[in-house]
Amino acid sequence: MGAELKDSEGAGVVASRRGAAMASRYISRLARVSSHLSPNPLMASEKEAALAAAPPSDSPTIFDKIINKEIPSTVVFEDDKVLAFRDISPQAPTHILIIPKVKDGLSGLSKAEERHFEILGRLLYTAKLVAKQEGLEDGFRIVINDGPSGCQSVYHLHIHLLGGRQMNWPPG
């Protein structure tokens, strides 16, 4: 017996149960990765992307591909330890992601150990430098999502730098 799936254009596709399950997992993973590349009709929200995200692993993430220049990005800051680039789905007029170039087990903030002390400070200091560079003198917000309930969708520690508008409280 077959199951019907919808492709990205909404067309029905009939597949076996096993094929349907495999296709569903593939679509979910594709949607998760695409959510960081372009606006995504398959994934309605960052919350859904986070819940669909693969658990943390040592496998390369989309951020590793950006670091290696395999995927283009608009870089606003780079040194030997940190890369900062514009988010392709901005949630504020200024929305920049700041990441360590070497993951070193830091799939999320909850995985931090004492040995990560220096890079954690470097990421926050870089956020301050980039905020100044971007002209965010009136203020900005720093966000670190951690785990599924924290809406983390890419398991490579990253800081969101948001600014250019009045932020609200509570954040959500």
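How many salt bridges does the structure hold? The answer is 7. This is a predicted model, and the salt bridges are a good place to begin.

## Salt bridges

Start with Lys69. Its side chain meets that of Glu78 in a salt bridge, at 3.5 Å from N to O. Lys69 counts as exposed, because its relative accessibility is 51% and the cut-off is over 50%. Glu78 has 40% relative accessibility, so Glu78 counts as partly exposed.

Next come Asp79 and Arg122. Their side chains form a salt bridge of 3.0 Å, N to O. This pair links distant parts of the chain. Asp79 sits in the loop between β3 and β4, Arg122 sits in helix α4, and the two are 43 residues apart. Asp79 is buried, since buried means under 20% and its relative accessible area is 19%. Arg122 is partly exposed, with 26%.

Glu134 and Arg86 make another salt bridge, also given as 3.0 Å, N to O. Here too, distant parts of the chain are linked. Glu134 belongs to the loop between α4 and β6, Arg86 belongs to strand β4, and 48 residues separate them. Arg86 has a relative accessible area of 32% and is partly exposed. Some salt bridges share partners: Lys69, Glu78 and Lys101 are joined this way into one network.

## The nonpolar cores

Now look inside. The largest nonpolar core has 16 residues. Those with the most contacts within this core are Ala84, Ile96, Ile98, Leu123, Val130 and Leu161. Five elements each give two or more residues: β3 (75-78), β4 (82-86), β5 (94-100), α4 (117-133) and β7 (159-163). Which of them gives the most? It is α4, with 5 residues.

Take Val130 as an example. Leaving out residues up to four places away in sequence, Val130 touches Val76, Phe77, Ala84, Ile96 and Leu161. Another core lies apart from the largest one. This other core has 10 residues, among them Ile66, Ile67, Phe85 and Val154.

## An aromatic pair

A search of the whole structure finds 1 aromatic pair. The partners are Phe63 and Phe85. Their ring centres are 5.8 Å apart, and their planes stand at 70 degrees. The pair is edge-to-face because that angle is over 60 degrees.

This pair also links distant parts of the chain. Phe63 is in helix α3 (residues 62-67), Phe85 is in strand β4, and they are 22 residues apart. Are these two residues buried or exposed? Both Phe63 and Phe85 are buried.

## The loop between β6 and β7

Several residues to look up are found in the loop between β6 (140-143) and β7, including Ile144, Ser149, Cys151 and His156. Their exposure values follow. Ile144 is partly exposed at 32% relative accessible area. Ser149 is exposed, with 81%. Cys151 is partly exposed, at 22%. His156 is buried, with 0%.

What does His156 touch, not counting residues up to four places away in sequence? Its contacts are Thr61, Phe63, Asp64, Ile67, Ile99, Pro100, Lys103, Leu106 and Ser107. Ser149 brings a long step in sequence: Leu51 is 98 residues away along the chain, but 7.9 Å away in space, C-alpha to C-alpha.

## A nonpolar surface patch

Ile144 also helps make a nonpolar surface patch. Leu109, Leu124, Phe140 and Ile142 are the other members. The patch is about 390 Å².

## Backbone points to check

Most residues other than glycine have a negative phi, and most peptide bonds are trans. Some residues here are worth checking against that. Lys69 is not a glycine, yet its phi is positive, at about 65 degrees. Lys69 lies in the loop between α3 and β3. Cys151 is likewise a residue other than glycine with a positive phi, near 65 degrees.

The last point is a peptide bond. The bond from Trp169 to Pro170 is cis, with omega near 0 degrees. Pro170 is placed in the segment after β7.

Key
Residues numbered from 1 in each chain as written. Predicted model: local features only at pLDDT ≥ 70, side-chain atom pairs only at ≥ 80, totals over all residues. Heavy atoms only, no water. Core = buried A, V, L, I, M, F, W, Y, C linked by side-chain atoms within 4.5 Å. Buried < 20%, exposed > 50% of the residue type's maximum accessible area, 1.4 Å probe, protein only. Helix = DSSP H or I, 4+ residues; strand = E, 2+ residues; numbered from the N terminus. Contact = heavy atoms within 4.5 Å. Phe/Tyr/Trp six-rings, centres within 6.5 Å; stacked < 30°, edge-to-face > 60°. Patch = residues over 30% accessible without salt bridge, like charges linked within 9 Å, V, L, I, M, F, W, Y side chains within 5 Å. Areas by Shrake-Rupley, 256 points an atom, 1.4 Å probe, with all protein chains shown as cover. Salt bridge = Lys/Arg side-chain N within 4 Å of Asp/Glu carboxyl O.
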